[in-house]
Amino acid sequence: MKKEAVQLAQDPTAESASAGPGTTGEPAGASRREFLQKGISVAGWGALSIGIGAGSYQTVRFFFPSVVFHPPSVFQIGRVEDFLSTEAPDPHGVISVDSRFKPELRFFVVREPGRIYSLYARCTHLGCTVNWFPGLRIFKCPCHGSEFHSDGREFAGPAPRPLDRLMISLDSEDNILVDTRVVLTAREFEKKKAYIDLA
Ligand code: FES
């Protein structure tokens with residue numbers, strides 16, 4: 001009796017083998033049915049788990065969308081002398097609007113007699129990229145028709161406020177830097193003097 005118990009403990013398959021057909025008298029068909037039922041049950045739980053997993057993944061994606069890591073956001077765009085101009089200011093006090101940086105970096109560089117600053121090319125209505133029309137000396141938004149003067153102030157369409165500005169500064173070697181992470185409203189820009197003072 002003792003010997004038999006030791007053998008069972010050593011061989012976990014012994015019990016099922018001894019309970020198999022031919023030893024207990026259970027018909028072979030019943031065992032197959034049992035096996036199939038277990039298989040179906042395992043497959044069912046597997047499918048359910050996959051379904052729940054996929055649903056959870058979609059939920060997480062919804063609340064935590066993929067984060068895109070941008071490259072460094074401070075750009076060196078030249079020196080003050082690169083933005084000099086002999087033109088007279090327009091009625092809004094702007095001498096020139098440089099749109100070279102708009103396609104890739106999404107900002108303009110504006111020159112006034114006493115300062116240089118950067119206008120963010122994002123419309124203050126719903127965020128479309130505005131375009132500069134040098135002949136008309138205005139910025140226009142292609143989405144819902146907002147229009148802005150050369151200094152970024154809105155005057156037509158649904159845009160609720162002037163174009164925002166980006167922090168601009170000079171480094172120790174007098175190169176102009178634009179920091180696209182620091183977006184300021186026109187009011188903040190004036191308060192923080194976020195421009196290069198040429199006075
Ligand atoms: S996004 Fe520019 S007018 Fe609507």
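**Group meeting: strands, core and two positive phi angles**

Let me start with a single residue: Arg137 counts as partly exposed because it has 14 C-beta neighbours inside 10 Å, where partly exposed falls between buried, at 20 or more other C-beta atoms within 10 Å, and exposed, at 12 or fewer, with C-beta atoms placed from the backbone. Arg137 is not a glycine, yet its phi is positive, at about 55°, and its place is the loop between β5 (131-133) and β6 (138-140). Strands here are DSSP runs of E with at least two residues, helices are runs of H or I with at least four, and both are numbered from the N terminus.

Before going on, I should say that this is a predicted model, in which local features need pLDDT of at least 70 and side-chain atom pairs count only at pLDDT 80 or more, while totals for chains, interfaces and linings use all residues. Residues are numbered from 1 along each chain as its sequence is written.

On confidence, pLDDT being the predictor's confidence in each residue from 0 to 100, the mean for the protein is 79, and 64% of its residues reach 70 or more. Residues 1-26 have pLDDT below 50, and beyond near neighbours in sequence this stretch has 11 contacts in the model, a contact being two residues whose C-beta atoms, placed from the backbone, lie within 7 Å. Residues 60-70 also stay under 50, and for them the model has zero contacts beyond four places in sequence.

As for the overall content, the protein has five helices and 11 strands, and of its 199 residues 17% are buried. Among contacts with a separation of 6 or more, 44% are between residues 24 or more positions apart.

Back to the loop of Arg137: the strands on either side of it, β5 and β6, run antiparallel and are joined by three bridges, with Trp132 having Phe139 in β6 as its bridge partner. Two strands are said to pair if DSSP finds at least two bridges between them. β5 and β6 belong to an open, antiparallel sheet of four strands in the order β5-β6-β7-β8. At the edges stand β5 and β8 (154-156), each with a single partner strand, so one side of each has no neighbour in the sheet. From one strand to the next the twist averages 35°, taken between axes that are lines fitted to C-alpha atoms, with angles from 0 to 180 degrees between N-to-C directions.

The second positive phi, about 65°, belongs to Asp174, again not a glycine, in the loop between β9 (165-170) and β10 (175-184). Asp174 counts as exposed, because it has 10 C-beta neighbours inside 10 Å. The two strands form a hairpin with four residues between them, and they pair in the antiparallel sense over six bridges. Leu166 has Val183 as its bridge partner in β10, while Ser118 stands opposite Leu166 in β9; strand β4 (residues 115-120) runs antiparallel to β9 and is joined to it by two bridges.

Which residues have the most contacts inside the largest nonpolar core? They are Phe107, Phe108, Leu119, Val130 and Ile168, in a core of 22 residues; such a core is a set of buried Ala, Val, Leu, Ile, Met, Phe, Trp, Tyr and Cys residues joined through C-beta atoms within 7 Å. The elements giving two or more residues to this core are β3 (107-112), β4, β9 and β10. Leaving out residues up to four places away in sequence, Leu119 touches Phe107, Phe108, Val110, Gly152, Leu163 and Arg165.
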